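Here is a short note on charged side chains and their partners. Please read it with the model open.

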Amino acid sequence: MDNVNIKYLLFALFLAILFLVGGCLKSSPTEVQVIEGYALSFAELGTLHMSRIDLTYTSEPNYLADKAFEIGIYDQVSCIENLTIKSEDDFQIDLEPGTYKVKVQNPDNYSFVYLPGEEVELEDGIGEIYAMVVNSKNSTKTSQPVAWEVYYTEVGSPAGGEPLAEGEVPSLKPGELYTIRYNPEENPNHKVGNYMFRLLDPSSNTGKKECWSGAIYCMGPIKPTEVTVNLISNPGKLVISKKTIGNAPAGANYEFVVSEIGSDNREVSRNSIKAGASFTASLPPGTYHVVESKTGGALSYSKSIPGNIQVSPGQTVYLTVTNRFPVPPKGTLNISKSVEGPAPIGSTYEVSISGPEGTIKRSIKADQTISVSLAPGTYEVIESNAVGATQVRKTPEGNITIKSGQTSTVSITNIYSQENGIP
């Protein structure tokens, strides 16, 4: 094969790589065409994340169905929307992903239940797919209008399929941008997948003057977060408390999901608390199921009320959930006893050990060593019966630290004078 053919093959390979990466068989992988002094290309591709609240208000007492209430929607800083609605009204608003709060502004003496809660974390989705088209700043004249199309596939490349939508990029001056926008909610598939834009010069009579953009991954259209505000004449309450047993991780958060038992078993409350804390969920009368969705790595957990929980009007139900963690191995405390001077013969001394396991008392005699198995922690060791000694010396002084699987030692010496000894 001669050098000319080798160069030709290498050049063809180079063009093929450009096509795979950018979709255009030109010197720039995003360039559509260069005609009479202008060049179009894709300057930027992307998605705009968006969330949505789907708010519904209902009234349990029928005689209050026509009474309207003002409801506020808050972000982390301020009220961003005020609306006045009555029973069975609903309202939608598109917002950036994040945490928001819904609250009746003028509750008076009425009781409201917020499902899944006053504070909600909105489900993330894609509100818009976009492609920015630019006429190169190095162009010498305004571009002609070109057609655009958008394609979709669940996996792989959507090229070769049928377009979901189409339109036209208007004439652009050198350096001017135009943004093509597409709402994935208009896609009948409504699934996660890849989108690609194509530019096509409809006035071209000699071959295809087109360009494919790169693929844009979309995690799916906006999924509304349903929030219901219920006016309840006499709501019930469920108080959930958290306890732990064993070596629980410090500062762990435990998440609870409360679901209403019914046709759809919908979630009505989700909260995270630490050990020793509790939260209260106001609920319409009904039957509920509580699941601990984040256990902090516990071996198991138990509930003070097994099975489903019935909440009656005006009733407060208390549920304690206890997580069991591994118990660390105990440590050992060796206590040695000695005397100096004429101690009473055959005396028995009493030692008190106070700490995480409460207070433990042990008896010991002179020249004896006893061992006590203790849970890890700090303990105070004192001699509660010195049998008349003039002085008691302890080594080491102060409290004793017991570590898991290790042995600690303390020595107690009683000192006697001739007067208090037995001759």
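**Notes on charged residues**

1. Glu-118 has a relative accessible area of 27%, so it counts as partly exposed (buried means under 20% relative accessible area, exposed over 50%, partly exposed in between, with a 1.4 Å probe and protein chains only). Its salt-bridge partner is Lys-103, with the closest N and O atoms 3.3 Å apart (a salt bridge is a side-chain nitrogen of Lys or Arg within 4 Å of a carboxyl oxygen of Asp or Glu). This pair links distant parts of the chain, 15 residues apart. Lys-103 sits in strand S6 (residues 99–104), while Glu-118 lies in the loop between strand S7 (111–115) and strand S8 (119–121). Lys-103 is partly exposed too, at 31% relative accessibility.

2. On provenance: this is a predicted model, where local features need pLDDT of at least 70, side-chain atom pairs count only at pLDDT 80 or more, and totals for chains, interfaces and linings use all residues. Residues are numbered from 1 along each chain as its sequence is written, and side-chain values use heavy atoms, with hydrogens and water left out.

3. Which residue forms a salt bridge with Lys-242? Glu-292 does, and the closest N and O atoms are 3.1 Å apart. The two belong to distant parts of the chain, 50 residues apart. Lys-242 is in strand S17 (residues 236–245) and Glu-292 is in strand S21 (residues 286–294) (strands are DSSP runs of E, at least two residues, numbered from the N terminus). Both Lys-242 and Glu-292 are buried.

4. Arg-266 forms a salt bridge with Glu-260, at 3.3 Å between the closest N and O atoms. Arg-266 is partly exposed at 30% relative accessibility. Glu-260 is partly exposed as well, with a relative accessible area of 22%.

5. How many salt bridges does the structure hold? The count is 13. A network of salt bridges links Arg-52, Asp-94 and Glu-185.

6. Glu-149 deserves its own entry. It is placed in strand S10 (residues 146–153). Its relative accessible area is 13%, so Glu-149 is buried. Its side chain makes a polar contact of 2.5 Å with the side chain of Tyr-151, and another of 2.8 Å with the side chain of Arg-198 (a polar contact is a pair of N or O atoms within 3.5 Å; within protein, one must be able to donate a hydrogen and the other to accept it, and residues adjacent in sequence count only if both atoms are side-chain atoms).

7. Leaving out residues up to four places away in sequence, Glu-149 touches Pro-163, Ala-165, Glu-166, Met-196, Phe-197 and Arg-198 (contact means heavy atoms within 4.5 Å).

How values were computed: Helix = DSSP H or I, 4+ residues; strand = E, 2+ residues; numbered from the N terminus.
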